[in-house]
Amino acid sequence: MATAHGEAGLADVTVSGVDGQVGYTTTLAADHSNALVTLASGRFVLTPDAVQVVADDGMVVGSIPTTLRVDTGQSLSVTPTLASATELTLTPVGGPTAAATTSGDLPFVHQVDGDGGAILAGAAIGCLVGIVIGIWFFLVGAIVGCAIGAAIGGFIGAAS
């Protein structure tokens with residue numbers, strides 16, 4: 001399990017570790033366009049479908065696949081570029097551009113009008129419906145019905 005971060009401005013994301021005999025540091029570019037992996041020892045070797053990590057004694061300690069197939073049948077790919085035997089840059093192929101991820105044209109992202117008219121109207125109608133249904137449970141039911149109906153109506157107003 002890991003912690004997910006939803007901050008828009010993660011500027012310096014760096015992870016360091018040791019795997020077997022090889023120490024590494026991974027840094028995400030400030031514009032999130034690529035990742036740089038630097039080895040403290042060992043070297044990278046490019047193969048047709050992966051990048052192998054080779055220790056100083058010649059033993060392969062791991063590999064980084066360049067294509068990952070997900071359950072939906074789609075493939076996610078990266079282009080590896082070696083700056084030296086110990087510096088690897090991984091750049092996503094066909095990923096979303098910076099302009100696409102900053103626009104409001106993303107699934108499930110909606111702009112709500114500034115005055116909140118739809119939310120207020122939905123809450124008012126929901127309150128009235130809640131009172132009508134809740135009145136059958138004496139006065140307390142009408143109050144609870146109004147609160148629940150207003151919450152549901154406000155949510156529907158915001159989503160529409």
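Two strands count as paired here if DSSP finds at least two bridges between them. I kept that rule at the top of the page, since I am reading a predicted model and wanted a clear test for each pair.

**Entry 1: β4 and β5**

I began with strand β4, residues 43–46, and found four bridges joining β4 to β5, with the two strands running antiparallel. That meets the cut-off of at least two bridges. For a landmark I picked Arg43, which stands opposite Val54 in β5. I then looked at the connection: β4 and β5 make a hairpin, and three residues lie between them.

**Entry 2: β5 and its other partner**

Next I followed β5 onward to β6. I noted five bridges between β5 and β6, again in the antiparallel sense. Here my landmark was Ala50, found opposite Pro65 in β6. The hairpin of β5 and β6 has five residues between the strands, and in that hairpin Gly58 has a positive phi near 95 degrees.

I also asked myself: is strand β5 mostly covered or mostly open? Covered, as I found four of the five residues in β5 (residues 50–54) to be buried. For the record, buried means under 20% relative accessible area.

**Entry 3: the open sheet**

I turned to the six-stranded sheet and wrote down its order, β1-β2-β3-β9-β8-β7, noting that the sheet is open and its pairing antiparallel. Which strands stand at the edges? They are β1 (13–19) and β7 (67–69); each has a single partner strand, so one side of each has no neighbour in the sheet. I also noted the turn between neighbouring strands of this sheet, which is 20 degrees on average with direction ignored.

Within the sheet I looked up β8 (residues 75–84) and β9 (residues 87–93), and found seven bridges joining these antiparallel strands. Ser77 is my marker for this pair, as it stands opposite Val93 in β9.

**Entry 4: the second largest pocket**

Last, I went looking for empty space. The second largest pocket holds about 220 Å³. I found 14 residues lining this pocket, and those closest to its centre are Asp19, Tyr24, Val37, Val53 and Ile64. The elements giving two or more residues to the lining are β2 (22–28), β3 (35–39) and β6 (60–65).

Which element gives the most to this lining? I found that β6 does, with four residues. Sorting the lining by class, I got ten nonpolar residues, three polar and one charged.

Note on methods. Residues numbered from 1 in each chain as written. Predicted model: local features only at pLDDT ≥ 70, side-chain atom pairs only at ≥ 80, totals over all residues. Heavy atoms only, no water. 1 Å grid on protein atoms, 1.4 Å probe; cavity = no way out; pocket = protein on both sides within 12 Å on 5 of 7 lines; lining within 4 Å. Points joined across faces, edges and corners; volume = space filled by probe spheres on them. Nonpolar A, V, L, I, M, F, W, Y, C, P; charged D, E, K, R; others polar. Buried < 20%, exposed > 50% of the residue type's maximum accessible area, 1.4 Å probe, protein only. Axes fitted to C-alpha atoms, helices over the stretch in contact; angles between N-to-C directions.
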